[in-house]
Amino acid sequence: MKRRDFVKLGLLTSISNTLFANEQKKIIGTFPSFSKPLAIPPILEPKVINGIKEFDLNVQKGKVNFLKGVETNTYGINTDFLGPTIRVNRNDTLKMKVKNSLDEETVIHWHGLKVPGENDGGPNRSIHPNKIWTTQFQINQRSSMCWYHPHTHERTGAQVFMGIAGLFIIEDEDSKKLDIPKEYGVDDIPLVFQDRRFDMKGQFLYKQSMHDVMMGVTGNFSLVNGVIDPYVNVSPKTIRFRILNGSNARISRFMFNDKRDFYQIAGDSSFLPKPIKMNTLLLSPGERAEILIDLTDLAGKEILFGDELAGKGLLKINVKNEEKQKFSIPKKLTTIKEYTQLDSPKIREFSLDMRPGWLAINGKQMNMKRIDEEVNLAETEIWRIKNSQRMPHPFHIHGCSFKILSRNGYKPYPNETGLKDTVLIYGNETVDVAVKFEYEATKEYPYMYHCHILEHEDAGMMGQFIVKKEWL
């Protein structure tokens, strides 16, 4: 990471070091660090009817023993907290049945999926309590790890904080042919990183002040797949981590405590063209990455995977005392053909606006009754996203996989050469992305673009756009 990025992230570091400095950590009682096993989200098996894969999701209430001696009230999908992993193949046709068993409205958004606006699960597609939303669509995109979470109007942050989120893995010919770890939960391990805070009764403590709105809600307890400070046992071999920053607002710089190198092989929406060697990985809320880490030198030993910005380990990795299994990192992963030809595309500008008590895009706060942009179907554009404040903002666009072209006129980082759907815009930075939409989105069911700090999204840093066929 270059010096200019340490400067940009200096504000984040100071926030993470001071925000909870005086908060009491001994609430009710905590389990010893790294004493609980890592939970692996189960793969949800579909019913296959006439070639269509049907998945049933139930958004429900639950209770979880995060802390000793107390049950925390939670939300989850088909379980008490978080949800199962949905795993499908490119060209599959899916029917998703989402039941709302809560006492409030909710909806599930398929973050990273390229689907029509009517299937996307935005705030316009609200599911009332005890109702079911059934939607059907085809998977037509590259292999990637996407995810699903609520997108309820002005309640997204609160509902994600309660636990509504799950992984959505897409496989294609590239992923099936590549010689990389593929045994789910064994050497191909999903990691959903989140943070939480609790009140003195052991319940989630969500938004409490204007500070929480402006800076986003962060917590002093770290969860991995819904477990505080877990451990995982692995063989002395190369392990694949599929990482999601599923936090509401925390930006994390992941690394191993011995500062060992690893290889990033994928980002949000695709494999990278080739593995990128690195020893830290910065992910903002909503972003994903896949890495390969060689643990053959640690047979019978342990190592920590943690967040450098938070200054703590998050996951203890116990390496079994077994025979080492050698593995060669592939030199090539895929070819990114998208957005190679840009013939004088339209430039569309977005300003991320922030002042005390007010968050907006292009000077306008989110309004469900207003369409902010109209985009032509299958037409490549450049979206120029400007952040003139100090605080970084992760910017997410629905219904697409885009390509980062530049940061303040410089080339994107080497691990940003694949396709993405969420990009971190640092303070005082302008980022250009090439974007094209392959499906329509109507005024009734538009797409969204927004900051993925969920409290910012809920407070108005979001807009709506439609995608239509161009009239000749």
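**Figure 1. Glu 104 and its salt-bridge partner in the predicted model.** Glu 104 is buried, with a relative accessible area of 17%, and this value falls under the 20% that sets the limit for calling a residue buried. In this predicted model, Glu 104 forms a salt bridge with Arg 155, and the closest N and O atoms of the two residues are 3.0 Å apart. The pair links distant parts of the chain, since Glu 104 sits in the loop between strand S6 (93–100) and strand S7 (108–111), while Arg 155 sits in the loop between strand S9 (144–150) and helix H3 (156–162), 51 residues apart. Arg 155 is partly exposed, with a relative accessible area of 35%, whereas Glu 104 is buried.

**Figure 2. The salt bridge of Asp 195 and Arg 250.** Side chains of opposite charge can pair when their charged atoms come close. In this view the side chains of Asp 195 and Arg 250 meet in a salt bridge, with a distance of 2.7 Å from N to O. Asp 195 belongs to strand S11 (residues 188–196) and Arg 250 to the loop between strand S15 (238–245) and strand S16 (252–256), so the pair ties together parts of the chain that are 55 residues apart in sequence. Both Asp 195 and Arg 250 are buried.

**Figure 3. Glu 290, Arg 240 and the network around them.** Glu 290 forms a salt bridge with Arg 240, and their closest N and O atoms are 2.7 Å apart. Because Glu 290 lies in strand S20 (residues 288–294) and Arg 240 in strand S15, this pair ties together parts that are 50 residues apart in sequence. Glu 290 is buried, and Arg 240 is buried as well. Both residues also belong to a network of salt bridges that links them with Arg 87, Glu 171, Asp 188 and Arg 242. In total, the structure holds 36 salt bridges.

**Figure 4. An open sheet of five strands.** The strands of this open sheet follow the order S24-S23-S26-S30-S28, and their pairing is mixed. Strand S24 (358–361) and strand S28 (403–407) stand at the edges, where each has a single partner strand, so one side of each is left without a neighbour in the sheet. Neighbouring strands of this sheet are turned by 15 degrees against each other on average, with direction ignored.

**Figure 5. The pairing of strands S26 and S30.** Strands of a sheet pair through backbone hydrogen bonds, either parallel or antiparallel. Strand S26 (residues 381–387) and strand S30 (residues 429–435) pair in the antiparallel sense, over seven bridges. Asn 387 stands opposite Glu 429 in S30.

Note on methods: Residues numbered from 1 in each chain as written. Predicted model: local features only at pLDDT ≥ 70, side-chain atom pairs only at ≥ 80, totals over all residues. Heavy atoms only, no water. Salt bridge = Lys/Arg side-chain N within 4 Å of Asp/Glu carboxyl O. Helix = DSSP H or I, 4+ residues; strand = E, 2+ residues; numbered from the N terminus. Buried < 20%, exposed > 50% of the residue type's maximum accessible area, 1.4 Å probe, protein only. Pairing = 2+ DSSP bridges. Axes fitted to C-alpha atoms, helices over the stretch in contact; angles between N-to-C directions.
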